[in-house]
Amino acid sequence: MRFVSESSEVATPGAIARSYLVSFSESSAEAVAAHVSPDFVNEHTSALGAGCVGREVYRRKLVGFLADMVDLRYEIESLIVEGPEVAAFYTMTARWQGEHPISVRGVQRLVVADGLITRRTDYWDSAVFLTQASPEARTALTPFGIRL
């Protein structure tokens, strides 16, 4: 599968990145995974993130992630496109496990080839997420100067 524009031409890397991020709001692992290549590499720089390799592995991991992130939305702040690479600056919002509202800013570096994302490196701050998702984490991180 590859994404095409209405004129049947392969969509641009920027359009593919935008469609990918919007697809998370569908809460469908299938919809999100449809944007990535079979040999997709998913990398996280955050200590809480867990990477993987392969579309099928990614699809399976998405099921739990999407279940935990109720009403997940990526608001795109800016896209920078240079050839097949896209830097997508975003604010992610959701309700962690349906209860705790979270808002985390980050950036994803996406590489696109043949209409699919082949690599994603996601940069976001674990402490921001933890302090919003857990009162215990908020207390534990305070001695380190983290007050969010």
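In which element is the place of Asp-71? In this predicted model, the place of Asp-71 is strand S3. The report starts from that residue, then turns to the salt bridges, the aromatic pairs, the nonpolar core and a serine at the start of a helix segment spanning residues 126-133.

## Backbone at Asp-71 and Gln-97

Asp-71 is not a glycine, yet its phi is positive, at about 60°. Its relative accessibility is 44%, so Asp-71 counts as partly exposed. A positive phi is also found at Gln-97, where the value is about 50°, although this residue is not a glycine either. Gln-97 is located in the loop between strand S4 (85-96) and strand S5 (100-113). With a relative accessible area of 48%, Gln-97 is partly exposed.

## Salt bridges

Side chains of opposite charge can pair when their charged atoms come close. The model contains seven salt bridges, including the three in the table.

| Salt bridge | Closest N to O distance |
|---|---|
| Arg-59 and Glu-56 | 2.7 Å |
| Asp-71 and Arg-95 | 2.9 Å |
| Arg-109 and Glu-85 | 3.0 Å |

The salt bridge between Asp-71 and Arg-95 has its closest N and O atoms 2.9 Å apart. Because Asp-71 belongs to strand S3 and Arg-95 to strand S4, this pair ties together parts that are 24 residues apart in sequence. Arg-95 is partly exposed, at 31% relative accessibility, and Asp-71 is partly exposed at 44%.

Arg-109 and Glu-85 also form a salt bridge, with 3.0 Å between the closest N and O atoms. This pair links distant parts of the chain, with Arg-109 in strand S5 and Glu-85 in strand S4, 24 residues apart. Both partners are partly exposed: the relative accessible area of Arg-109 is 36%, and the relative accessibility of Glu-85 is 34%.

The setting of the Arg-59 and Glu-56 salt bridge is a single helix. Both residues lie in helix H3 (residues 55-68), three residues apart, about one turn of the helix. Is Arg-59 buried or exposed? Arg-59 has a relative accessible area of 15%, which is under the 20% limit, and therefore it is buried. Glu-56, in contrast, is partly exposed, with a relative accessibility of 43%. Through salt bridges that share partners, Glu-56 and Arg-59 are joined with Glu-30 into one network.

## Aromatic pairs

How many aromatic pairs are counted? The count is seven. One of them is the edge-to-face pair of Phe-24 and Tyr-74, with 5.0 Å from centre to centre and 65° between the planes. Phe-24 lies in the loop between helix H1 (13-23) and helix H2 (29-33), whereas Tyr-74 lies in strand S3 (residues 69-82), so the pair ties together parts that are 50 residues apart in sequence. Phe-24 and Tyr-74 are both buried.

Trp-124 and Phe-129 form another edge-to-face pair, at 6.3 Å from centre to centre and with 85° between the planes. Trp-124 and Phe-129 are buried as well.

Phe-24 and Tyr-74 also belong to one aromatic cluster, together with Tyr-20, Phe-65 and Tyr-90.

## Nonpolar core

The largest nonpolar core comprises 33 residues, and those with the most contacts inside it are Tyr-20, Phe-24 and Tyr-58. Strand S4 gives the most to this core, with six residues.

Tyr-20 and Phe-24 thus appear both among these core residues and in the aromatic cluster. Leaving aside neighbours within four places in sequence, Tyr-20 is in contact with nine named residues' worth of surroundings that include Val-32, Val-36, Phe-40, Tyr-58, Leu-110 and Ile-117. His-35, Gln-108 and Arg-120 are also in contact with Tyr-20.

## Ser-126 and the segment 46-48

Ser-126 is placed in helix H4 (residues 126-133). With a relative accessible area of 12%, Ser-126 is buried. Not counting residues up to four places away in sequence, Ser-126 touches Ser-46, Ala-47 and Leu-48. Between Ser-126 and Ala-47, a polar atom of the serine side chain lies 3.5 Å from the backbone nitrogen of Ala-47.

Conventions: Residues are numbered from 1 along each chain as its sequence is written. This is a predicted model: local features need pLDDT of at least 70, side-chain atom pairs count only at pLDDT 80 or more; totals for chains, interfaces and linings use all residues. Side-chain values use heavy atoms; hydrogens and water are left out. Helices (H or I, at least four residues) and strands (E, at least two) are DSSP runs, numbered from the N terminus. Buried means under 20% relative accessible area, exposed over 50%, partly exposed in between (1.4 Å probe, protein chains only). A polar contact is a pair of N or O atoms within 3.5 Å; within protein, one must be able to donate a hydrogen and the other to accept it, and residues adjacent in sequence count only if both atoms are side-chain atoms. Contact means heavy atoms within 4.5 Å. Rings of Phe, Tyr and Trp (its six-membered ring) pair if their centres lie within 6.5 Å; planes under 30 degrees apart count as stacked, over 60 as edge-to-face and the rest as tilted. A salt bridge is a side-chain nitrogen of Lys or Arg within 4 Å of a carboxyl oxygen of Asp or Glu. A nonpolar core is a set of buried Ala, Val, Leu, Ile, Met, Phe, Trp, Tyr and Cys residues joined through side-chain atoms within 4.5 Å.
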